[in-house]
Amino acid sequence: MKLQDELPVDHRLATVYRYGAGLGGVFLLVFGILGLLNHPGFLSTSGDHIAGMSTNGALSVLSVVMGLVLIGGAVVGGNFASNLNMIVGLLFVLSGFYGLTVLGRPDANILNFRMSNCLFAFIFGFVVLTFGMYGRVSSHLPHDNPYWQQRHRDQQPLPSGPPAIVKVLKPGPPNPIGH
């Protein structure tokens with residue numbers, strides 16, 4: 001059985017994944033369309049500025065494509081949107097590192113990155129990555145979470161509740177202080 005089959009269709013995590021993908025996709029789509037409306041050169045290194053970031057035709061087209069991919073993930077939803085958010089978030093973080101390596105080198109800076117673009121790529125990448133990992137990666141997942149259940153198939157959840165009730169359910173000697 002695959003983990004993607006474990007998440008119920010109406011699980012609340014699917015909503016988080018959808019909103020994360022949808023909001024990120026809409027922002028990228030608007031940024032890309034606004035960049036294309038100014039008719040920049042496709043690989044120009046002196047393109048226009050949209051929302052405080054520099055752009056050219058290649059970056060605008062790439063933004064539109066990534067925006068449509070994220071919106072498509074929001075439409076599909078579920079674990080697909082979660083996985084897609086993690087992949088796109090990682091790609092944006094990597095593009096931030098790409099931007100840092102080509103700053104000041106017009107021959108290699110084909111996407112016309114400036115420092116504001118690099119900062120946006122890092123922040124947007126981590127936000128989308130967080131949306132994708134929400135409810136999947138944590139040390140304190142609830143025991144009814146399908147991802148916790150997948151990782152702990154052999155374990156029974158520990159009893160919870162007030163300490164007196166837990167002590168009755170798990171009898172034994174008290175732990176000495178400092179040990």
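Biologist: In which helix is the place of serine 116?

Modeller: Serine 116 has its place in helix α4, and since this is a predicted model, we should keep the confidence of the prediction in mind as we read on. Serine 116 is partly exposed, with a relative accessible area of 29%.

Biologist: Which residues does serine 116 touch, once those up to four places away in sequence are not counted?

Modeller: Serine 116 touches Gly52, Met53 and Ser54. For one of these, glycine 52, the C-alpha atom is 7.0 Å from that of serine 116, although the two residues are 64 residues apart in sequence.

Biologist: Before going further, how should I read the confidence, and what pLDDT does the chain average?

Modeller: The general idea is that where pLDDT is low, the predicted coordinates should not be read in detail. In this chain the average pLDDT is 75, and 64% of the residues score at least 70. Over residues 1–5 the pLDDT is below 50, and this stretch has eight contacts in the model beyond near neighbours in sequence.

Biologist: How many helices and strands are there in the chain, and in what order do the elements run?

Modeller: The chain has six helices and two strands, and from the N terminus on its elements follow the order α-β-β-α-α-α-α-α. Of the 179 residues in the chain, 37% are buried. Among the contacts with a separation of 6 or more, 66% come from residues 24 or more positions apart.

Biologist: How is the packing of two helices described, and at what angle do the axes of α2 and α3 cross?

Modeller: Two packed helices are described by the angle between their axes and by the distance between those axes. For α2 and helix α3, which spans residues 78–102, the axes come within 7 Å and cross at roughly 155°. Because an angle over 145 degrees counts as roughly antiparallel, α2 is roughly antiparallel to α3. The crossing of α2 and α3 is left-handed, and by class their contact has nine nonpolar, three polar and no charged residues.

Biologist: Which residues of α2 and α3 meet there?

Modeller: From α2 come Met66, Val69, Leu70, Gly73 and Val76, and these meet Gly78, Phe80, Ala81, Leu84, Asn85, Val88 and Leu91 in α3.

Biologist: Let us take methionine 66 in α2 as an example; is methionine 66 buried or exposed?

Modeller: Methionine 66, which lies in helix α2, is buried, with a relative accessible area of 16%; the cut-off at work here is that a residue under 20% counts as buried. Leaving aside its neighbours within four places in sequence, methionine 66 is in contact with Leu28, Val88 and Leu91. The C-alpha atoms of methionine 66 and valine 88 are separated by 8.0 Å, while the two residues are 22 residues apart along the chain.

Biologist: Serine 60 also interests me; where is serine 60 found, and what are its contacts when neighbours within four places in sequence are left aside?

Modeller: Serine 60 is found in helix α2, which covers residues 57–76, and is buried, with a relative accessible area of 0%. With those neighbours left aside, serine 60 is in contact with Gly32, Gly35, Leu36 and Thr55.

Biologist: Turning to the next pair, at what angle do α3 and α4 pack?

Modeller: α3 and helix α4, the latter made of residues 115–133, pack at an angle of about 160°, and their axes are 7 Å apart. That makes α3 roughly antiparallel to α4. The crossing in which α3 passes α4 is left-handed, and by class the contact of α3 with α4 has 18 nonpolar, eight polar and no charged residues.

Biologist: What is the phi of asparagine 112, and how should I read such a value?

Modeller: As a general rule, most residues other than glycine have a negative phi. Asparagine 112, however, has a positive phi of about 60° although it is not a glycine. Asparagine 112 lies in the loop between α3 and α4 and is buried, with a relative accessible area of 0%.

Biologist: To finish with α4, is methionine 133 buried or partly exposed?

Modeller: Methionine 133, whose place is in helix α4, is partly exposed, with a relative accessible area of 29%. The C-alpha atoms of methionine 133 and tyrosine 17 are separated by 8.6 Å, and the two residues are 116 residues apart along the chain.

How values were computed: Residues numbered from 1 in each chain as written. Predicted model: local features only at pLDDT ≥ 70, side-chain atom pairs only at ≥ 80, totals over all residues. Heavy atoms only, no water. Buried < 20%, exposed > 50% of the residue type's maximum accessible area, 1.4 Å probe, protein only. Contact = heavy atoms within 4.5 Å. Axes fitted to C-alpha atoms, helices over the stretch in contact; angles between N-to-C directions. Parallel < 35°, antiparallel > 145°, perpendicular 65-115°, else oblique. Left-handed = near helix turned anticlockwise from the far one by under 90°. Nonpolar A, V, L, I, M, F, W, Y, C, P; charged D, E, K, R; others polar. pLDDT = per-residue confidence, 0-100.
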